Amino acid sequence: MSLSVVVLTSVGREAHLRGCLRALAAQTLLADQILVVDDGSTQGHAVVAEFGADLPLRYDWRPHDYCMSRSYNRAVSQLSSEKLVF
């Protein structure tokens, strides 16, 4: 079974993103893919880079438009796992 985790972030939530990725790195069973979909933050890429060596991360940035549905749809269209966790 393949498992992907989707993490959504946005402007001003970089500290929350860091905490989430730290928690994912501490798991005993890692996901096959972790996709961070960023709704316009300016520092999300730097946070993701901190964990790039420890996690199977992908990063997708898009302009900020307050539409979480677009972020979910972008994530689903990019992943091919049997199971998704948001």
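The legends below describe close-up views of a predicted model.

**View 1. The largest pocket and the residues that line it.**
The largest pocket of this predicted model has a volume of about 170 Å³. Its lining consists of Leu 8, Thr 9, Ser 10, Arg 13, Asp 39, His 64, Tyr 66, Met 68 and Ser 71. Strand S1 (3-10) and helix H3 (68-78) are the elements that give two or more residues to this lining. The largest share, three residues, comes from S1. By residue class, the lining of the largest pocket divides into three nonpolar, four polar and two charged residues.

**View 2. Tyr 66 in the loop between S3 and H3.**
Tyr 66, one of the residues lining the largest pocket, lies in the loop that connects strand S3 (57-62) with H3. Tyr 66 is not a glycine, yet has a positive phi of about 60°. Most residues other than glycine have a negative phi. With a relative accessible area of 71%, Tyr 66 is exposed, because the cut-off for that class is over 50%.

**View 3. Leu 8 and its surroundings in strand S1.**
Leu 8 belongs to strand S1 and is also among the lining residues of the largest pocket. Its relative accessibility is 25%, so Leu 8 counts as partly exposed; the range for this class lies between the buried limit, under 20%, and the exposed limit, over 50%. Apart from neighbours within four places in sequence, Leu 8 is in contact with Val 37, Met 68, Ser 71 and Tyr 72. Of these, Met 68 and Ser 71 also line the largest pocket. Leu 8 and Asp 39, another lining residue, are 31 residues apart in sequence, and the distance between them in space is 7.6 Å, C-alpha to C-alpha.

**View 4. Strand S1 and the strands it pairs with, S2 and S4.**
Six of the eight residues of S1 are buried, so the strand is largely enclosed by the rest of the structure. S1 runs parallel to strand S2 (residues 33-39), and seven bridges join the two. Within this pair, Ser 10 stands opposite Asp 39 in S2; both Ser 10 and Asp 39 line the largest pocket. S1 also pairs with strand S4 (residues 83-85), in the parallel sense and over three bridges. Here Val 5 stands opposite Val 85 in S4.

**View 5. The β-α-β unit of S1, H1 and S2.**
Together with helix H1 (residues 14-25), S1 and S2 make a β-α-β unit, which is right-handed. The two strands of the unit are parallel.

Terms used. Residues numbered from 1 in each chain as written. Predicted model: local features only at pLDDT ≥ 70, side-chain atom pairs only at ≥ 80, totals over all residues. Heavy atoms only, no water. 1 Å grid on protein atoms, 1.4 Å probe; cavity = no way out; pocket = protein on both sides within 12 Å on 5 of 7 lines; lining within 4 Å. Points joined across faces, edges and corners; volume = space filled by probe spheres on them. Helix = DSSP H or I, 4+ residues; strand = E, 2+ residues; numbered from the N terminus. Nonpolar A, V, L, I, M, F, W, Y, C, P; charged D, E, K, R; others polar. Buried < 20%, exposed > 50% of the residue type's maximum accessible area, 1.4 Å probe, protein only. Contact = heavy atoms within 4.5 Å. Pairing = 2+ DSSP bridges. Right-handed = clockwise from strand over helix to strand, strands pointing away.
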